[in-house]
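Visitor: I'd like someone to justify the labels people put on a model like this one. Can we go through them together?

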Amino acid sequence: MKKEELLALWNGKEWDNNIAGIYFISQHFKPELHLNFTGYLESDVFSISDDFMKRLFRELEQLDEEVHKVIQNEYPNEDVSELELTDIIFDKSGCYGAFALGYDAGESPAGQLYLLVKFDEQFQADTEFVYETY
């Protein structure tokens, strides 16, 4: 998918191509959704199939609901409805599977806490979460 097509699909803005990867913001969802292609060159991003990217766009709300159910099952005494999807992460290393959905879980003693849920090529969620702090 070409840059213009990708930005049009996601109603994207602020395309940033730097040594760490490709990044842009989707204005299609509230709050803004950050698409991160860590370690990618533009040619790598453009090699992701159109079908894959369009499917991700179409099914994103459903995937978000699925993630909330998975998190709620893991933390039944917590109200996870407040977690908002903030990032879609592709990592060249593959450490997040095909992609990950990222959620800002708020402040923690170690810093800002993010909860990431990995997905495989068939859009199946991994039930083991990745926790990152910044």
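Guide: What follows is a walk through the sheet, the helices and a few single residues.

Guide: This is a predicted model, where local features need pLDDT of at least 70, side-chain atom pairs count only at pLDDT 80 or more, and totals for chains, interfaces and linings use all residues. Residues are numbered from 1 along each chain as its sequence is written, and side-chain values use heavy atoms, with hydrogens and water left out.

Visitor: What makes the sheet open, and in what order do the strands run?

Guide: The sheet has 7 strands in the order 1-2-3-4-5-6-7, with mixed pairing. Strands here are DSSP runs of E, at least two residues long, and helices are runs of H or I of at least four, all numbered from the N terminus. Two strands count as paired if DSSP finds at least two bridges between them. Strand 1 (12-18) and strand 7 (130-133) each have a single partner strand, so they stand at the edges with one side lacking a neighbour in the sheet. On average, neighbouring strands are turned by 20 degrees against each other, direction ignored; axes are lines fitted to C-alpha atoms (for helices, over the stretch in contact), and angles run from 0 to 180 degrees between N-to-C directions.

Visitor: How do you know that strand 6 and strand 7 pair, and in which sense?

Guide: Count the bridges: strand 6 (residues 111-119) and strand 7 share 4, in the antiparallel sense. With at least two required, they pass, so "paired" is the right word. One of the bridges has Leu115 facing Tyr131 in strand 7.

Visitor: And what about strand 5 and its partners?

Guide: Strand 4 and strand 5 are antiparallel over 4 bridges, and Ile88 has Leu101 in strand 5 as its bridge partner. Strand 5 and strand 6 are also antiparallel, over 9 bridges, with Phe99 opposite Phe119 in strand 6. A hairpin of 2 residues links strand 5 to strand 6.

Visitor: Which strands does helix 1 touch?

Guide: Helix 1 (residues 3-10) touches strand 1, strand 2 (21-26), strand 3 (33-38) and strand 4 (85-91); contact means heavy atoms within 4.5 Å. The helix direction makes about 140 degrees with that of strand 1. Helix 3 (residues 50-74) lies across strand 3, strand 4, strand 5 (99-108) and strand 6, at about 45 degrees to strand 5.

Visitor: How do you know that the length of helix 3 agrees with its residue count?

Guide: The expected span is 1.5 Å times one less than the number of residues. For the 25 residues of helix 3 that comes to 36 Å, and the end C-alpha atoms are 33 Å apart, which agrees. There is a kink, though: about 60 degrees, centred on Glu59. The bend at a residue is the angle between axes fitted to the seven residues ending there and the seven starting there. Glu59 is also among the buried residues of helix 3, along with Phe52, Leu56 and Leu63. The cover over the buried residues includes helix 1, strand 3, strand 4, strand 5 and strand 6.

Visitor: Why is Thr86 called buried?

Guide: Buried means under 20% relative accessible area, exposed over 50%, and partly exposed in between (1.4 Å probe, protein chains only). Thr86 has 14%, so buried it is. Thr86 sits in strand 4, and its side chain makes a polar contact of 2.7 Å with that of Asp87. A polar contact is a pair of N or O atoms within 3.5 Å; within protein, one must be able to donate a hydrogen and the other to accept it, and residues adjacent in sequence count only if both atoms are side-chain atoms.

Visitor: What makes Asn36 buried as well?

Guide: Asn36, in strand 3, comes in at 14%, so it counts as buried. Its side chain reaches that of Asp87 in a polar contact of 3.1 Å.

Visitor: Why is Cys95 only "partly exposed"?

Guide: Cys95 has 42%, so it lands in the in-between class. The residue is in the loop between strand 4 and strand 5.

Visitor: What is notable about the phi of Glu14 and of Phe123?

Guide: Most residues other than glycine have a negative phi. Glu14 has a phi near 60 degrees, and Phe123 has one of about 65 degrees, positive although it is not a glycine. Glu14 is in strand 1 and, at 54%, is exposed. Phe123 is in the loop between strand 6 and strand 7 and, at 3%, is buried.
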